[in-house]
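Colleague: I should like to learn how to read a structural model of this kind, one feature at a time. May we begin with a single hairpin and work outwards?

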Amino acid sequence: MPRKRATKTRATRCLDLLNFCIAGEQTGFGPFVAVYLAARQWSQVEIGFALSLGTITAMVSQVPAGVLVDALRGKRNAVAAGILAIGVSALLLAVWPALVPVLTAQVVHGFASCVLTPGIAAVSLELVGRAALGERVGRNARFAALGNGLAAGAMGLLGSYVSDQAVFLLTAVLCVPALVTLPFIDAKPQPPPRRAATRHARRAELVALLTDRRLLVFAACAALFHLADAAMLPIAAGELTKREGVHANLIIAACILAPQAVVALVSPWVGRTAEQFGRRPLLLLGWASLPLRAVLLAVLPNPYLLVAVQAISGVSAAVFGVMVPVIADDVTQGARRFNLCIGIFGLAATAGGALSTTLAGGLADAAGDPVAFLSLAVVGLVGTVVVWLAMPETGTIEAED
Amino acid sequence: MTVSRVSLIVLLLLLMAAVPEGPSRSTTPELPPTVELQTFAPREAMPVLGHRVVEADGEAVARLIDVLVDPGGRPVAAVLDFGGFMGVGVRKIAVHWSTLRFEPGEGTHRIILTLAPDEIKAAPEYRDPEKPAPVVVPATPKPKPEQQ
């Protein structure tokens, strides 16, 4: 049926573009907001408050947003609402950088991001089914990395040569193609996920999920991953600025772009390998490269090698990006708690990341960068050991009860 | 310009939601007799927070993000934000107020840092407002000749 195949190809391409645009939209948020607000006569206290508000929102919304996406029948509508909300946040930042609009934008963006991550995974699952999920999320990660990398490059140029408002206008513009793709990602109607009949049975099911060893261990691994990972680039980049002065900017840009290129290259391979050889070898690869990178950063003699070392982070990022939806699907086995599961992993990851920059930043101040890097290496090593000893292979486990 | 029109609509909607209803304030209230109004031209007083800081050759190197003052309210040091790409790798360094030269003007203010990049790049970062601030102070006063 050539027509059916054409529809399917179109849906695949549109999902590629959706991932590309949404990742591009996310690039302007984050640390750049601090630079933008500083240029708008914001005091450091206010900037710190606005950023913390965004981080806290992104943390506390993970689980509720997952539950919400689970409850919604039309996952594409949830994604559309998330895209629009991010566009509105970007416009607010661009045209009205006063206290209330910026705080509103931070909260709206934080919640919308928490809807989009499980939303895209849910749309992908609906489109390709459980058997092909690994390959599909590998592809998602590839196009997200391309979107992120290209947007970072474009926004860096816009911010330097046009205006930093243009960064957020570009963010808002990226909404349009993202929204246009959605109607074309038309999955064939799925049977509604099985749902326990009584309230009692539903509660028992939820308790069984929340006490599932695979879920708890992987959540712990996700937290340790970001506890080890998040602070590495900021500390290395700060050190680089110290050594190289203002000319460090190009190297830092390369340190941001190189891992995205690696993610774009290896993600589909990660997705395919997860389907063929199971999750554990990839988890070990992704987690073990964290302590390796931290040790290399601690002993690095030449700042130009920093780019090469940071490129290693692309491997762990690809593994993490692919494994979150794949393991969530392994744990829920097609049941309706898929997005809750992703939300729990997201909560663990954002909490680990937030703690990482605080703890390792403080450690770098108090004891120097090598001590901070070696501590991050120890955390990464602990994460790897937890994966090795406690994380079961989720791919081959049959549906339970 | 759809973007600006859309943003205008969003702006108006938010304004309508944000502005509390109350008596109109179109008439300027009179100043009390204890104070009077003086107007400073741009070349007499310039805003500095968030302003770009340039080197003597005009190249922008940093942004002024905070001012540290003494008990009399006189500026002691400026906190400058250096480097970074999209907010990653920024470094906050406090420099003595005397290392900055201010050129207020009509529309084009300039803040010029008289320290060379090598003089500040090894400086410790200014992080915690609660702790004693590390400030880069010139060892001997050496005002650079004006280059324009």
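**Reading the model, feature by feature**

Modeller: Let us begin with a hairpin in chain B. Strands β5(B) and β6(B) form a hairpin with six residues between them, and G107(B) in the turn has a positive phi of about 85 degrees. Please keep in mind that this is a predicted model.

Colleague: In which sense do strand β5 (residues 100–103) and strand β6 (residues 110–113) of chain B pair, and over how many bridges?

Modeller: To read a pairing, one looks at the sense of the strands and at the bridges between them. Here β5(B) and β6(B) pair in the antiparallel sense, over four bridges. One can then read the register from facing residues: E103(B) stands opposite R110(B) in β6(B).

Colleague: Where does this hairpin sit in the sheet, and in what order do the strands of chain B lie?

Modeller: The order across a sheet should be read separately from the order along the chain. Across the sheet, the seven strands of chain B lie in the order β5-β6-β1-β2-β3-β4-β7; the sheet is open and its pairing is mixed. Strands β5 and β7 (135–136) of chain B are the edge strands, each pairing on one side only. Along the chain, from the N terminus on, the elements run α-β-β-β-β-β-β-α-β, giving two helices and seven strands for chain B.

Colleague: Which residues stand opposite each other in the pairings of β1(B) with β2(B), β2(B) with β3(B) and β3(B) with β4(B)?

Modeller: It is convenient to set these pairings side by side.

| Strands of chain B | Sense and bridges | Facing residues |
|---|---|---|
| β1 (residues 52–54) and β2 (residues 60–69) | antiparallel, three bridges | V54(B) opposite A60(B) |
| β2 and β3 | antiparallel, seven bridges | L68(B) opposite A77(B) |
| β3 and β4 (residues 91–96) | antiparallel, six bridges | D81(B) opposite K92(B) |

Modeller: β2(B) and β3(B) also form a hairpin, with five residues between them; in its turn, G73(B) has a positive phi of about 85 degrees.

Colleague: How many residues of strand β3 (residues 75–82) of chain B are buried?

Modeller: Burial is read residue by residue and then set against the whole chain. Six of the eight residues of β3(B) are buried, and the strand is mostly covered. For chain B as a whole, buried residues make up 22% of its 148 residues. A further reading concerns separation in sequence: among contacts in chain B between residues at least 6 apart, 42% join residues at least 24 apart.

Colleague: How many residues does each chain give to the contact between chain A and chain B?

Modeller: An interface is read from its residue counts, then from the elements that supply them, then from its chemistry. Chain A gives 38 residues and chain B gives 29. On the side of chain A, several helices each supply at least two residues, among them α2 (31–38), α5 (75–95) and α12 (248–277). The largest share, seven residues, comes from α11(A). By class, this side of chain A has 27 nonpolar, eight polar and three charged residues.

Colleague: You mentioned α5(A). Why may one say that α5(A) is largely enclosed?

Modeller: Of its 21 residues, 16 are buried, so α5(A) is largely enclosed by the rest of the structure. Its length can be checked too: at 1.5 Å a residue, the helix should span 30 Å, and its end C-alpha atoms are 31 Å apart, which agrees.

Colleague: Into which domains is chain A divided?

Modeller: Chain A is divided into domain 1 (1–184) and domain 2 (198–401), whose C-alpha centres lie 20 Å apart. Their contact takes 32 residues from domain 1 and 34 residues from domain 2. On the side of domain 1, α3 (44–60), α4 (62–71), α6 and α7 of chain A each supply at least two residues, and the largest share, 15 residues, comes from α7(A). That side divides into 17 nonpolar, 10 polar and five charged residues.

Colleague: Which residues touch the most other members of the largest nonpolar core?

Modeller: This core has 155 residues, of which I252(A), F345(A) and L376(A) touch the most other members. Both domains of chain A give residues to this core, so it lies between them. To follow one member, take L376(A): leaving aside its neighbours within four places in sequence, L376(A) is in contact with A228(A), A231(A), M232(A), A294(A) and A360(A).

Key
Residues are numbered from 1 along each chain as its sequence is written. Chains are lettered from A and ligands numbered from 1 in the order in which they are written. This is a predicted model: local features need pLDDT of at least 70, side-chain atom pairs count only at pLDDT 80 or more; totals for chains, interfaces and linings use all residues. Two strands pair if DSSP finds at least two bridges between them. Two residues are in contact if their C-beta atoms, placed from the backbone, lie within 7 Å. Ala, Val, Leu, Ile, Met, Phe, Trp, Tyr, Cys and Pro count as nonpolar, Asp, Glu, Lys and Arg as charged, and the others, Gly among them, as polar. A nonpolar core is a set of buried Ala, Val, Leu, Ile, Met, Phe, Trp, Tyr and Cys residues joined through C-beta atoms within 7 Å. A residue is buried if 20 or more other C-beta atoms lie within 10 Å of its own, exposed if 12 or fewer, and partly exposed in between; C-beta atoms are placed from the backbone. Domain bounds come from an automatic or database domain assignment. The expected span of a helix is 1.5 Å times one less than its number of residues.
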